Every structure is written in C-alpha cells, then in structure tokens.
Amino acid sequence: APLAYDALRDDVEIGKVMDSVLDHAKSLGFRYVIMHGDVDAYQKQGFVDAEELNVTSDVHYPNSILLIKDFGEGEPATISGKVEYPPFIS
C-alpha cells in the first residue's frame, strides 16, 4: 500500500514509523517491501538497491533510488521485473 511522509518534519521519528510499517507488512504476510529512498538511510531496516535484484521502475525521484527489503521468510525467492504504479487519484 502506498505510504508517504515528509522526511524533513522534526516531529516524525522515521525509524519508529518504518519499524511499525515493516512489522505491519510482515504480519500481513508480504515477502517484500519496495520503496524509493536513500539506501544509506534504510540499510538498518534491511533495504538494498532494487537494481541489484533486477527490479526497476520508470518513476524516479531526486536523491532517491528504488529500494527493496526481503523479509526472507520461507523458501528462497527470486524477484525481478518492473514496478508499475496505480494511476494517481485525487
């Protein structure tokens, strides 16, 4: 599910937000979480550069790359392909 936050807000502890989001995604049974961000900022949560796993996207944001986290539950899985985003609805 889409999630966005303002990383420049002083009242948001992003580490706590990400830990909560990742715990929730894992509890729902998701194998992967994919997002745009700075790999150095999210390595602690287990994110890697998605291109290393042959996952790409046509969407690009300044100072950001596509990241992926594999919860690593169950059989080893191979993921590759192109991330497609739903149309924007206002």
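In this predicted model, an open sheet is formed by 3 strands arranged in the order S1-S4-S2, with antiparallel pairing. Strands S1 (32-37) and S2 (47-49) occupy the edges, and each has a single partner strand, so one side of each is left without a neighbour in the sheet. From one strand to the next, the twist averages 35 degrees. Strands of a sheet pair through backbone hydrogen bonds, in either a parallel or an antiparallel arrangement.

The pairing can be followed residue by residue. S1 and S4 run antiparallel and are joined by 6 bridges, whereas S2 and S4 pair in the antiparallel sense over 3 bridges. Isoleucine 68 in S4 is the bridge partner of isoleucine 34, and isoleucine 68 is also the bridge partner of valine 48. Helix H1 (residues 14-27) packs on the sheet and touches S1, S2 and S4; the direction of the helix makes about 150 degrees with that of S1. A further bridge partner in S4 is lysine 69, which is matched with phenylalanine 47.

Lysine 69 lies in strand S4, which spans residues 65-70. This lysine is buried yet has no salt bridge, and the nearest side chain of opposite charge, that of aspartate 70, is 8.0 Å away. A polar atom of the lysine 69 side chain does, however, lie 2.7 Å from the backbone oxygen of glutamine 45. When neighbours within four places in sequence are left aside, the residues in contact with lysine 69 are Leu22, Arg31, Tyr32, Val33, Gln45, Gly46 and Phe47.

A side-chain approach to the backbone also occurs at serine 64, a residue of the loop between strand S3 (55-57) and S4. Here a polar atom of the serine 64 side chain lies 2.9 Å from the backbone nitrogen of glycine 37. Not counting residues up to four places away in sequence, serine 64 touches His36 and Gly37.

The structure holds 4 salt bridges, among them the following pairs. Lysine 16 and glutamate 13 meet through their side chains in a salt bridge, with an N to O distance of 3.5 Å, and both of these residues are exposed. Aspartate 70 forms a salt bridge with arginine 31, in which the closest N and O atoms are 2.6 Å apart. This pair links distant parts of the chain, since aspartate 70 belongs to strand S4 and arginine 31 to the loop between H1 and S1, 39 residues apart. Aspartate 70 counts as partly exposed because its relative accessibility is 33%.

Another of the salt bridges is formed by the side chains of lysine 82 and aspartate 58, at 2.6 Å from N to O. Distant parts of the chain are again linked: lysine 82 is in strand S5 (residues 81-83) and aspartate 58 is in the loop between S3 and S4, the two being 24 residues apart. With a relative accessible area of 46%, lysine 82 is partly exposed, while aspartate 58, at 57% relative accessibility, counts as exposed.

Key
Residues numbered from 1 in each chain as written. Predicted model: local features only at pLDDT ≥ 70, side-chain atom pairs only at ≥ 80, totals over all residues. Heavy atoms only, no water. Helix = DSSP H or I, 4+ residues; strand = E, 2+ residues; numbered from the N terminus. Buried < 20%, exposed > 50% of the residue type's maximum accessible area, 1.4 Å probe, protein only. Lys, Arg positive; Asp, Glu negative; His and termini not counted. Polar contact = N/O pair within 3.5 Å; in protein donor to acceptor, adjacent residues only side chain to side chain. Contact = heavy atoms within 4.5 Å. Pairing = 2+ DSSP bridges. Axes fitted to C-alpha atoms, helices over the stretch in contact; angles between N-to-C directions.
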